[in-house]
Amino acid sequence: MTNKEVRIYTPRRQQSIANLFGGILSGLFVRDLKAGYRKSYLGIFWLFLPPLATAGIWIFLNGQNVVSIQDTPMVYAGFTLCGTLIWSLFSESITKPIQRYQQAMGMMSKLNFPREAIVLAAIYDLLFSFCLKLVILIPVLWMLGYPPTIYFLPALLAIFGLSFCGLSIGVALSPIGLLYSDIGKGLPIILPFAMYLTPVIYPLRESGMLSKLQGYNPVTPFLERARSLLGGYEFTMHNELWIWSAIVLVLFFVALAVIRIALPVIVERSGS
């Protein structure tokens, strides 16, 4: 008579929440990252090719005097490149939570896991994109006469603040985006238009309707703060920056609470 091996399974209560979230996030992030670029020849280069192409077009048009953009506080190539790369992070931070929740709908209907992990997975995506864009932005700025200084560190914080602003808006839009696909289809149309209402490719206006729109635009103070630190020019929107920072922080936690309440209903409706 042979001895049979007895194996006892017990709950792993000693596993910390950090490890649990780390495993979930690593799985979501790495799996989806590989899947997203598996059939793409250029792969992760698509993360910064669109903003580089946009900047290149405007640099060419301005250089050929097709359009005349003057009085920029930096060399126009550096000014536009900073603006388009930072704006692309904002655009990604709005659309990424909606995309993440849409991709996870099937998994949410079958598995019980912390729904906040999806938001954190979106943050992983944005951090990855952020690092790749810095690899391009910092060397190009250096070649244009803006070498890295100690002020680059607070500039990164301002860029993170802008990404957090977009993430908060994206999380707030996610419940509606899960119910109606119009949100996901409409954002690629709205965001390019919104870019031209933001001082991405031209300097701040001092008067007129566009100046007022820029003052009410949450992107403007974060973008200008980051670019002023990278380009070494004066920043004048301190009050707007603090006000929008407080609003964005409140919006983020309100959006998390709303989506936590709404998700069970949305998942149940989707399953039915």
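Let's start inside, with the largest cavity. Its lining is made by Leu85, Ile86, Leu89, Phe130, Lys133, Leu134, Leu137 and Ile159. Please keep in mind that we are looking at a predicted model. The volume of this largest cavity comes to about 50 Å³, and the structure holds one cavity of 30 Å³ or more. Which elements give two or more residues to that lining? Helix 3 and helix 5 do, and the largest share, four residues, comes from helix 5. By class, you will find seven nonpolar residues, no polar ones and one charged residue around the largest cavity.

Now stay with Lys133 for a moment, since this residue appears in the cavity lining and also takes part in a salt bridge. Its partner is Glu92, and the two side chains meet at 2.9 Å, N to O. Have a look at where they sit: Lys133 is in helix 5, residues 116-143, and Glu92 is in helix 3, residues 76-103. That puts the two residues 41 apart, so the pair links distant parts of the chain. Are these two buried or exposed? Lys133 and Glu92 are both buried.

There is another link between these helices. Asp125 and Arg100 form a salt bridge with their side chains, at 2.8 Å from N to O. Asp125 belongs to helix 5 and Arg100 to helix 3, so this salt bridge ties together parts 25 residues apart in sequence. Asp125 is buried, as is Arg100. As a general reminder, side chains of opposite charge can pair when their charged atoms come close.

How many salt bridges does the count give? Three, and the one I have yet to show you is Glu224 with Arg227, at 2.7 Å, N to O. This pair sits within helix 9, residues 219-231; because Glu224 and Arg227 are three residues apart there, about one helical turn separates them. Again, Glu224 is buried and Arg227 is buried too.

Helix 9 also brings us to the second largest pocket, where it is among the elements giving two or more residues to the lining, together with helix 6 (152-179) and helix 10 (238-271). The volume of this pocket is about 380 Å³. There are 15 lining residues, and those nearest the centre are Leu157, Gly161, Phe222, Leu241 and Ser245. So what classes make up the lining of the second largest pocket? We get 12 nonpolar, two polar and one charged.

Let's move out to the surface. Phe193, Leu197, Met209 and Leu213 make a nonpolar surface patch of about 400 Å². If you want a landmark, pick Phe193 in helix 7, residues 182-195. Phe193 has a relative accessible area of 56%, which is over the 50% cut-off, so this residue counts as exposed.

Finally, let's step back to the whole chain. It has 10 helices and zero strands, so reading along the sequence gives α-α-α-α-α-α-α-α-α-α. Of its 272 residues, 41% are buried.

If you turn the model yourselves, I'd suggest beginning again at helix 3 and helix 5: they supply lining to the largest cavity, and the Asp125 to Arg100 pair lies across them. Thanks, everyone!

Methods:
Residues numbered from 1 in each chain as written. Predicted model: local features only at pLDDT ≥ 70, side-chain atom pairs only at ≥ 80, totals over all residues. Heavy atoms only, no water. Salt bridge = Lys/Arg side-chain N within 4 Å of Asp/Glu carboxyl O. Buried < 20%, exposed > 50% of the residue type's maximum accessible area, 1.4 Å probe, protein only. 1 Å grid on protein atoms, 1.4 Å probe; cavity = no way out; pocket = protein on both sides within 12 Å on 5 of 7 lines; lining within 4 Å. Points joined across faces, edges and corners; volume = space filled by probe spheres on them. Nonpolar A, V, L, I, M, F, W, Y, C, P; charged D, E, K, R; others polar. Patch = residues over 30% accessible without salt bridge, like charges linked within 9 Å, V, L, I, M, F, W, Y side chains within 5 Å. Areas by Shrake-Rupley, 256 points an atom, 1.4 Å probe, with all protein chains shown as cover.
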